Amino acid sequence: MTHLSPVAQRLRITFGKAGTLRYTSNLDMAKIWERVLRRADLPLLYTRGFNTRPRISLAMPLPLGISSECELLDISLRERLDFCEASLRARLLAVSPPGLSILAIEEVAPRSSAMQSRIISAEYRIHFHDRPERADLQGKIDELLGKESIIVERTRRRKRSVMDVRPLILSLQIDDNADLLAHLSVGDRGNLRPDHLLELLGMDDTYNRIHRSRLHLLAE
């Protein structure tokens, strides 16, 4: 016997984090979204069991202190909405905290695969408040990208591991404002955080601001 999915509609929200919201953890961000969606009175679908929760899913954790314009949230609804992006966006923004922006809302297939398994890379903009000499920064980039391998040691849950992070650096460029544009691998295939990249460049003690501008997903 075939059981139909209880999901009547699934929506994907592209949102941004700015201001003090940059220092909100992924877990707390999920709680914030729960409050926003409840206050907006959306027909959320809940998990079963004793401790029921809304069926919502954030795509990729964002390290603390980093702003973004490309975060993704999937929400499952028990009833279909007459979908109008502009009106729903206004409805959500009316009950959202400062620093939370909603950039797009789209309907996706109820049975679409989890976003976490499809994200492969992310783009970041790193702004240096004390702007380095362009030639010096380019020299650091060329030296790093010129290495065949970059072996780092990591300790997680008291377990040590070594890995080559060179394949995780997809591209590094300097734009016209002397910002560093970094395209880095994330997700199950390997993950390199932008603050760890700055350590590899010998620039972890610089006064900087990091912004995530795009997430790349595998096609369905």
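**View 1. Strands β8 and β9 pair in this predicted model.**
Strand β8 covers residues 169-174, and strand β9 covers residues 180-185. The two run antiparallel and are joined by five bridges. Within the pair, L172 of β8 faces A182 of β9. The strands form a hairpin, with five residues between them. A178 sits in that turn and has a positive phi of about 65 degrees.

**View 2. Strand β10 pairs with β5 and with β3.**
Strand β10 covers residues 208-217. Strand β5, residues 119-128, runs antiparallel to β10. Nine bridges join β5 and β10. One position to pick out is E123, which stands opposite R214 in β10. The pairing of β3 with β10 is parallel and has two bridges. Here S68 has R212 of β10 as its bridge partner.

**View 3. The protein is divided into two domains.**
Domain 1 spans 9-112, and domain 2 spans 119-217. Their centres, taken over C-alpha atoms, are 28 Å apart. To the contact, domain 1 brings 14 residues and domain 2 brings 13 residues. For scale, the C-alpha trace of the protein spans about 60 × 40 × 30 Å along its principal axes. The fold as a whole holds four helices and ten strands. Read from the N terminus, the order of elements is β-α-β-β-α-β-β-α-β-β-β-β-α-β.

**View 4. Domain 1 and domain 2 bury area against each other.**
About 1,100 Å² is buried between the two domains. Carbon and sulfur atoms give 64% of that area. Which residues of domain 1 lose the most area to domain 2? They are M60, I66 and C70. Together these three account for 43% of what the domain 1 side buries.

**View 5. The largest pocket lies between the domains.**
Both domain 1 (9-112) and domain 2 (119-217) give residues to the lining of the largest pocket, so the pocket lies between them. Its volume is about 530 Å³. The lining of this pocket counts 20 residues. Nearest the pocket centre are M60, P61, G187, N191 and R193. By class, the pocket lining has ten nonpolar, six polar and four charged residues. M60 links this view to the previous one: it lies among the residues nearest the pocket centre, and it is one of the domain 1 residues that lose the most area to domain 2.

**View 6. One cavity of 30 Å³ or more is present in the structure.**
The largest cavity has a volume of about 80 Å³. Its lining is made of 13 residues. N26, M29, M60, L62 and E71 lie nearest the cavity centre. Which elements give two or more residues to the lining of the largest cavity? They are β1 (9-17), α1 (26-39) and β3 (67-77). Eight nonpolar, three polar and two charged residues make up the cavity lining. M60 appears here as well, among the residues nearest the centre of the largest cavity. M60 is also listed nearest the centre of the largest pocket. Strand β3 returns too: β3 gives lining residues to the cavity, and β3 pairs in parallel with β10.

Conventions:
Residues numbered from 1 in each chain as written. Predicted model: local features only at pLDDT ≥ 70, side-chain atom pairs only at ≥ 80, totals over all residues. Heavy atoms only, no water. Pairing = 2+ DSSP bridges. 1 Å grid on protein atoms, 1.4 Å probe; cavity = no way out; pocket = protein on both sides within 12 Å on 5 of 7 lines; lining within 4 Å. Points joined across faces, edges and corners; volume = space filled by probe spheres on them. Nonpolar A, V, L, I, M, F, W, Y, C, P; charged D, E, K, R; others polar. Domains from an automatic or database assignment. Contact = heavy atoms within 4.5 Å. Buried area = accessible area lost by both parts, 1.4 Å probe.
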